[in-house]
Structure formats: C-alpha cells, structure tokens
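Below is a report on one molecular structure, written for a reader who has the sequence and the model at hand. Please look at the structure first and then follow the text from place to place.

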Amino acid sequence: HLTTSLPLPSERDHLRPRIDLIVFMIDIKSKYSLKNVEASLAHVDASFFLGKVCFLVTGVGRVNYCSVEMNAICKLGEVYCSPVLFCELELEGIRNATAQRLLRMLQICAGHIPGVSALSFGTLMRNSADE
Amino acid sequence: SGGRPGVPMESADGAARTLPSVGRLSRGPPFGRAQGWLGLSHGGQLLSPPTPHSQENADPQRTAFLLRKQWTLYSVTPLYRFYNTHLRDYARLLSAFIAAEKQKGLAVEVGVELDIKVAVSSIPGLKGSDRDPAAILVQLSLRSASSPKNAEEKLVWSGCFCCVFGDHLSENVPEDFTCLPLFLVNGPESYTSIVGTWFQKTFDCCFRRLAISPLNLSWMAAMWTGCKVDKTTSAVELIFSVPCLPYPLDISYAIHPEDAKALWDTVQKTPGEITQEEVDIFMDCLYSHFHRHFKIHLSATKLVKVSTAVASAHCDGIIKFLQSKYLTGLLMLLTELAISQIQ
C-alpha cells in the first residue's frame with residue numbers, strides 16, 4: 001500500500017490487511033520529504049519499531065543535488081532504531097536490487113522465514129551498518 | 001517575497017555519481033573549519049576564517065579583478081611539476097599552443113586577424129596560510145595584428161588558480177605536486193577549453209566543473225545574510241527550480257536584507273560560528289513564511305541560486321564576489337568545495 005503521509009485514513013481501517021513493514025522514503029533532493037517523514041513517524045505505533053520499519057533514501061546518485069543533510073537521516077535511523085537503505089531509483093540495476101532487498105525484509109517481517117524474526121534481522125542490519 | 005516564472009537554467013552534468021559513504025573521515029580542523037557544511041558529517045560548524053597570512057601585505061588592487069565579475073568554477077587536481085619560477089615560459093608555450101590550435105582551424109575569432117597575447121602571473125597575496133601556494137592568474141588578450149605597436153589590448157579571458165587554506169589536500173600529496181584546487185574562469189568557453197587542454201597535457205591534471213548543492217547554497221545564504229555590509233541595497237534573493245514539471249519553472253523569493261539579517265540574528269547563537277541546525281532553522285522560517293502566503297512548499301523544490309549583497313552563487317558553479325572584505329572567507333569555502341570534489 002502506497003501513501004504520501006500518515007496517518008492512513010481511518011474510514012478504510014477495517015478493510016486494510018495487516019501491515020508487516022513500513023518503508024519511509026526520503027528523497028535526498030527534497031527537504032520536504034524528510035519533514036513529511038518526520039511528521040508521519042509520530043503516527044506509527046511503537047511496536048513497529050521492533051524491526052518493522054526502515055528508511056529508504058532515494059536520489060543518492062547525484063550528490064550535487066543534495067538538499068538534505070545525510071547526518072540528519074542517519075540520526076533518524078538511530079533514534080528510531082531502524083535501518084537506513086540507500087538507493088538510486090534512476091538506475092535500473094540498483095532499483096531492482098533494492099526492490100529485492102525490501103521484498104526479503106518483508107518476508108521476514110511477515111514471518112514467512114522460519115527462524116528469523118523481524119527484530120533479530122533489524123538488529124543484524126543495524127549492527128552491520130555501524131561497522 | 002514574489003513568485004514569477006524565470007528562464008530555465010542549464011544544468012552542468014558535473015554531478016558525482018557516487019553513493020555517499022556514511023563512515024567518512026572528518027578532517028581535523030586546525031582552525032575549527034566547517035565540516036558539516038558540505039553535508040558530510042557531525043553537526044558541522046563554521047568558524048570565521050582565520051586572518052589570512054598576508055592580509056596586511058595583500059594589495060587590494062591585485063585582487064580587485066575578482067570583484068563584480070561572473071566566475072565559473074572548476075576543481076583542479078594537483079599540478080605535476082608546476083614551477084612558480086617558469087611562468088614566462090608557460091605563457092610562451094601556451095601562446096604557441098593557442099596559435100597552433102588556431103591554425104588547425106579551431107579559430108576562436110572568425111574574420112579579422114587577431115593575435116592572442118598570453119600573460120601568466122602570480123598573485124602572492126591571494127592565499128590563506130603560508131602553506132598555500134600563491135595564486136596563478138592566466139590572462140588572454142586580443143591584439144590587432146595590423147598595428148602591433150600601439151595596439152590596444154583587450155582582455156578577453158581570465159583564469160585564476162588558487163588555494164585558500166587548502167592544507168588537508170596539500171599535506172597528503174607528494175612534493176612534485178602543486179595544489180591549486182580552485183580554478184575561476186571569466187570569458188568564452190572556447191578559450192577555457194583550449195587553456196584547460198594545455199594545462200591538462202602539460203601538468204597532468206584534471207579539471208571538473210564545480211557544482212554547488214542546494215545544501216551548500218543554503219549555508220551560503222545564511223552566512224552571507226549574517227555579514228555586515230555598509231550599505232545594504234540589494235535584497236537577499238533565493239531562486240528555486242520546481243522539479244517534475246513538463247515546462248521549466250523557477251520561483252524567485254526576494255527578502256529585504258534587513259529583515260533577513262534580523263531573522264538570522266535571532267537564530268545564530270554564537271557570533272563567528274554557524275551550525276547546520278541554525279542554517280536549517282533559518283531556511284525553515286523562510287519556507288514557512290512563503291508557504292503561508294503562497295501555499296507552496298519551497299522545501300520540495302531545488303534551491304539553485306542565492307544572491308546577497310556579499311556575493312551570489314549558482315548551483316552550476318557560477319559565482320560573483322561583490323565585497324572585497326569577505327573575499328578570503330569566500331575563497332576558503334570554495335577551496336573546501338573544490339577539494340571535496342577532488343577527493
């Protein structure tokens with residue numbers, strides 16, 4: 001399900017399936033997208049931050065179009081204990097690879113991979129990012 | 001404030017296509033130099049530039065040529081075996097190279113036979129610390145070949161290599177190299193191309209257009225707004241390019257300089273020091289004000305140009321210096337940007 005901001009409209013709550021993973025997309029070329037994500041985070045239930053949230057930063061291929069400070073995004077990842085992924089949507093290879101990664105994460109978060117929980121996977125991703 | 005469609009800006013494809021490395025080393029600041037302002041790391045701070053070594057000796061006449069002209073910026077990798085003592089020889093060699101290119105039919109002036117005179121000089125006062133090499137100025141003038149004696153020479157192209165507080169580049173480079181990472185050009189692109197080719201061939205260096213990101217432009221906006229100017233006649237103007245439209249649209253946002261300075265003064269906590277947070281607050285205030293009036297989120301657009309009484313800068317790497325007082329500080333920042341693009 002794709003949306004431009006949270007919270008989701010309450011009228012359709014009863015029709016909505018369970019949400020396994022929330023990917024917040026931040027466009028590095030738009031400060032507005034960061035502000036939007038920050039505002040939307042406030043509407044997310046705390047239980048999601050146990051491995052069911054990740055940040056996807058797009059537009060990283062063009063460093064010179066940067067309107068958002070990288071540090072601010074990484075700090076966001078730290079504060080919300082969620083991994084930060086980087087991607088360049090304009091490059092097909094990276095786009096596909098990122099999509100596959102997200103799909104894998106989704107499978108874990110939905111509980112389809114036995115032996116790996118969303119929380120343990122999230123911790124694994126964060127620890128490897130720190131190194 | 002105002003909004004009007006502007007002319008579309010050409011974009012230089014100097015964009016570096018690399019993924020940012022989050023674990024980037026922060027350069028140790030001998031004078032507490034800015035790191036964060038390049039969008040690199042750690043809540044950045046900018047302290048006002050340390051007194052240039054020869055502020056007293058720097059002849060303002062010699063650096064006046066930089067003022068009120070539009071300069072296109074390039075980053076240059078270190079020059080191999082470039083010697084300050086051979087400038088006359090370089091002028092001769094470059095002159096011969098240009099003449100040869102003209103012969104080949106890459107004539108830059110069609111019709112009248114015109115001689116191109118090349119002058120290469122050093123500007124010792126144009127530097128930051130003692131460790132910086134002196135700036136090098138290359139000038140091309142046209143002289144009519146018909147009356148060589150009393151012919152008037154017309155300056156048609158200027159290029160200036162300089163380095164202002166570029167320690168962290170030069171300290172990592174072997175001895176045979178001269179570090180002059182910032183190159184400023186004023187004049188036709190055809191001459192830039194010829195001169196650039198000659199330098200690249202002769203000193204094994206590489207030129208790249210220096211692009212300035214919206215993040216860095218907003219730092220400049222905050223910095224320059226805070227500068228004390230004698231007579232503030234010009235507004236602080238920010239130009240934004242709106243993305244994702246089938247036609248080009250630019251939004252121009254002009255703010256009365258005193259209002260802008262008043263706003264900045266309430267945001268800045270320590271004089272002489274600027275943090276990323278302060279720049280963000282300053283810009284957010286401007287964006288909110290605009291949104292209140294026009295219901296447009298400027299934060300979703302791309303900041304492409306900043307103009308103040310101190311200087312103006314465009315994201316394609318075009319700059320104009322308007323105040324000699326802040327020249328060294330500006331060159332220091334641009335040197336930083338150039339070094340960052342090289343590394």
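Trp198(B) sits in helix α4 of chain B. The model is a predicted one. With a relative accessible area of 6%, Trp198(B) is buried, because the limit for a buried residue is under 20%. Which residues does Trp198(B) touch, leaving aside those up to four places away in sequence? They are Tyr90(B), Leu93(B), Leu94(B), Phe97(B) and Phe203(B). Ile296(B) lies elsewhere: 98 residues separate Trp198(B) and Ile296(B) in sequence, and their C-alpha atoms are 48 Å apart in space.

**Domains of chain B**

Chain B has two parts in its domain assignment, domain 1 (64-209) and domain 2 (212-315). Taken over C-alpha atoms, the centres of domain 1 and domain 2 of chain B are 33 Å apart.

**Salt bridges**

Side chains of opposite charge can pair when their charged atoms come close. Over all chains, a search of the whole structure finds 10 salt bridges. The table lists some of them, with the N to O distance for each pair.

| Residue | Partner | N to O distance |
|---|---|---|
| Arg92(B) | Asp89(B) | 2.8 Å |
| Asp167(B) | Arg131(B) | 3.0 Å |
| Arg143(B) | Glu153(B) | 3.5 Å |

Take the salt bridge between Arg92(B) and Asp89(B). Both residues belong to helix α2 (residues 87-103) of chain B, and because they are three residues apart there, about one helical turn separates them. Arg92(B) is exposed, at 55% relative accessible area. Asp89(B) is partly exposed, with a value of 33%.

The next pair is Asp167(B) with Arg131(B), whose closest N and O atoms are 3.0 Å apart. This pair links distant parts of the chain, 36 residues apart. Asp167(B) is in helix α3 (residues 167-170) of chain B, while Arg131(B) is in the loop between β4 (114-123) and β5 (135-144) of chain B. Is Asp167(B) buried or exposed? Asp167(B) has 6% relative accessibility and therefore counts as buried. Its partner Arg131(B) is exposed, with a relative accessible area of 55%.

The side chains of Arg143(B) and Glu153(B) also meet in a salt bridge, at 3.5 Å from N to O. Arg143(B) is in strand β5 of chain B and Glu153(B) in strand β6 (residues 153-162) of chain B, so this salt bridge ties together parts 10 residues apart in sequence. Arg143(B) counts as partly exposed at 23% relative accessibility. Glu153(B) counts as partly exposed too, at 41%.

Some salt bridges form a network, which links Lys31(A), Lys35(A), Asp280(B) and Asp284(B).

**Chain A as a whole**

How many helices and strands does chain A have? Its secondary structure comes to four helices and three strands. Read from the N terminus, the elements follow the order β-α-β-α-β-α-α. Chain A has a radius of gyration of 15 Å, close to the 14 Å given by the globule rule for 131 residues, so chain A is as compact as a globular protein of that length. Its C-alpha trace spans about 40 × 35 × 30 Å along the principal axes.

Of the 131 residues in chain A, 42% are buried. Contacts in chain A between residues at least 6 apart in sequence can also be sorted by separation: 72% of them join residues at least 24 apart. The area that chain A exposes is about 7,500 Å², and carbon and sulfur atoms supply 57% of it.

**Backbone details**

Where is there a cis peptide bond? One joins Leu6(A) and Pro7(A), with omega at about 5 degrees. Pro7(A) belongs to the segment before β1 (22-27) of chain A.

Positive phi values outside glycine are found in both chains. Cys81(A) is not a glycine, yet its phi is positive, at about 50 degrees. Cys81(A) is in the loop between α2 (70-79) and β3 (84-87) of chain A, and at 37% relative accessibility this residue counts as partly exposed. Asp204(B), likewise a residue other than glycine, has a positive phi near 55 degrees. The loop between α4 (189-203) and β9 (207-209) of chain B holds Asp204(B). Asp204(B) is exposed, with a relative accessible area of 61%.

Key. Residues numbered from 1 in each chain as written. Chains lettered and ligands numbered in written order. Predicted model: local features only at pLDDT ≥ 70, side-chain atom pairs only at ≥ 80, totals over all residues. Heavy atoms only, no water. Helix = DSSP H or I, 4+ residues; strand = E, 2+ residues; numbered from the N terminus. Buried < 20%, exposed > 50% of the residue type's maximum accessible area, 1.4 Å probe, protein only. Domains from an automatic or database assignment. Salt bridge = Lys/Arg side-chain N within 4 Å of Asp/Glu carboxyl O. Contact = heavy atoms within 4.5 Å. Rg over C-alpha atoms; globule rule 2.2 N^0.38 Å. Areas by Shrake-Rupley, 256 points an atom, 1.4 Å probe, with all protein chains shown as cover.
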